[in-house]
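Let's take a walk through this structure together, one piece at a time. Keep the picture in view as you read.

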Amino acid sequence: MSSLTDRYVAATMRAVPAQRRLEIAEELRGSIADMIDDRTSGGQDHASAEREVLTELGHPEKLAASYSDRTLQLIGPRYYLTWWRLLRLLLTWIPAIVGVLTGLSKALLDGEPGAAIGAAIVAAMQTAVQIAFWVTLVFAVLERTHTPLGLPEWTVDQLPEETRERQISHSDSIASVVFLLATIGLLVGQHFQRWTTDDGTRLPALDPALWSFWLPALIVVLLATVGLEIAKYRSGRWTWPLVAVNAVLNVAFAAPVLWLLATDRLLNPELVERFAWLRDGGTVEFARVAGAVVVLVAIWDVIDSAVKAGRATR
């Protein structure tokens, strides 16, 4: 019957290069024996000392990897930070963008607004899984093949000037700007990429008459909000003047939208006539839901900015 040491050495040798097994096995046996002797010389019995030493050495495959200079992690320390930064960046933006575009396509092009949210979620999740898999695979291959990426070495010159904690992060600012620009793109795009009805007629979702004033006005408000996001990022935190500007811009956007919804002027009348569910009271339900969303988002945004400004001034 083999001893625990024999079994441990055999398990370790299975994962080391064949040409080095005798050398490593002899070295490992010697190390184990020395460690056991140190413990037994202090009065510990041999069996417990052997078990303790082998436990301390750890998993045989991990020990074998250290002998053969192999990395056990999928992404080794060489490119780990680069991989992690790139993965976080891609997962921050791309699944959300794909999800939004898929949802809009489902609602506007396929004429299935009820299925838009589900399609958007599924598309976003599938995109996230694909990104995680392929990015990790590429970096794993680069790590294992020791392929140089030519990345510059870190120097102290890369340290940021500002040391205080930022309240407005870089990613939050980019997300807000992308969302605002996407909203502007949606307002413009719905006029050109029109909703296709059953008879093949393509109609814009919003009343084309709004282009005489209201839609350009709303786009100006959204562009001003983009400017507010830039000002927030430059400031690094919410300030009370920024809160005031944010409140004004929220009112400037929400008030016209609520008025257009209340007066049934937002949706294209020709589009309403094409869909029975809109003619049969659907516009009222749409106005209620859309109005509630607009009000809640505006209130939440103003309160959130005020709370953050209060924290920043403490």
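What covers the buried residues of helix 2? In this predicted model, the cover includes helix 1 (4-13), helix 3 (46-57) and helix 4 (60-67). Helix 2 itself runs over residues 21-40, which makes 20 residues. From its first C-alpha to its last it reaches 28 Å, close to the 28 Å expected at 1.5 Å a residue.

Now pick out the residues of helix 2 that are tucked away: Ile 24, Ala 25, Leu 28, Ile 32, Met 35, Ile 36 and Arg 39 are the buried ones. If you look down the axis of helix 2, these buried residues fall within an arc of 100°, so they line one face of the helix. There's a simple bit of background to this: an α-helix has 3.6 residues a turn, so residues three or four places apart point the same way. Turn to the face of helix 2 that points away from the buried side, and you'll meet the exposed residues Leu 22, Glu 26 and Asp 38.

Next, helix 1. Its buried residues are Thr 5, Tyr 8, Val 9, Ala 11, Thr 12 and Met 13, and the buried residues of helix 1 pack against helix 2, helix 3 and helix 4. How do helix 1 and helix 2 sit together? Two packed helices are described by the angle between their axes and the distance between the axes. Here the axes of helix 1 and helix 2 come within 10 Å and cross at roughly 145°, and the crossing is right-handed. On the helix 1 side, the residues that take part are Thr 5, Asp 6, Tyr 8, Val 9, Thr 12 and Met 13. They meet Arg 21, Ile 24, Ala 25, Leu 28, Arg 29, Ile 32 and Ile 36 in helix 2.

Before you get to helix 3, pause in the loop between helix 2 and helix 3, where Gln 44 is found. Is Gln 44 buried or exposed? Neither, quite: at 25% relative accessibility, Gln 44 counts as partly exposed. Not counting residues up to four places away in sequence, Gln 44 touches Arg 39, Ala 49 and Glu 52. Arg 39 is one of the buried residues of helix 2, and Ala 49 is among the buried residues of helix 3.

Helix 3 has 12 residues and reaches 16 Å from its first C-alpha to its last, close to the 16 Å expected at 1.5 Å a residue. Buried in helix 3 are Ala 49, Glu 50, Val 53 and Leu 54. They cover an arc of only 125° around the axis, which puts them on the same side of helix 3. The face turned away from that buried side carries Ala 47, Arg 51, Thr 55 and Glu 56, which are exposed. As for what covers the buried residues of helix 3, helix 1 and helix 2 are included.

Time to step back and see the whole chain. The protein has 11 helices and two strands, and along the sequence they follow the pattern α-α-α-α-α-α-α-β-β-α-α-α-α. Of the 314 residues, 33% are buried. Counting contacts with a separation of 6 or more, 68% are between residues 24 or more positions apart.

The UniProt record, an unreviewed entry, lists residues 86-109, 115-142, 174-193, 213-231, 243-262 and 282-303 as "transmembrane region". Two of these are worth finding in the model. Residues 213-231 are 95% helix and 0% strand, with end C-alpha atoms 27 Å apart. Residues 243-262 are 100% helix and 0% strand, and their end C-alpha atoms lie 28 Å apart.

Let's finish with a few single residues. Thr 127 has its place in helix 6 (residues 116-144) and is buried, with a relative accessible area of 16%. Leaving aside neighbours within four places in sequence, Thr 127 is in contact with Ile 94, Pro 95 and Val 98.

Which loop holds His 146? Look between helix 6 and helix 7 (170-192). His 146 is exposed, with a relative accessible area of 57%, and its phi is near 55°, a positive value in a residue other than glycine. Asp 264 is found in the loop between helix 9 (240-262) and helix 10 (269-274). Asp 264 has a phi near 60°, a positive value in a residue other than glycine, and is exposed, with a relative accessible area of 51%.

Terms used: Residues are numbered from 1 along each chain as its sequence is written. This is a predicted model: local features need pLDDT of at least 70, side-chain atom pairs count only at pLDDT 80 or more; totals for chains, interfaces and linings use all residues. Side-chain values use heavy atoms; hydrogens and water are left out. Helices (H or I, at least four residues) and strands (E, at least two) are DSSP runs, numbered from the N terminus. The expected span of a helix is 1.5 Å times one less than its number of residues. Buried means under 20% relative accessible area, exposed over 50%, partly exposed in between (1.4 Å probe, protein chains only). The arc is that of the directions from the helix axis to the C-beta atoms. Contact means heavy atoms within 4.5 Å. UniProt positions are given in the numbering used here, feature names are shortened, and annotations may be inferred rather than shown by experiment. Axes are lines fitted to C-alpha atoms, for helices over the stretch in contact, and angles run from 0 to 180 degrees between N-to-C directions. A crossing is left-handed if the near helix is turned anticlockwise from the far one by less than a right angle, and right-handed if clockwise.
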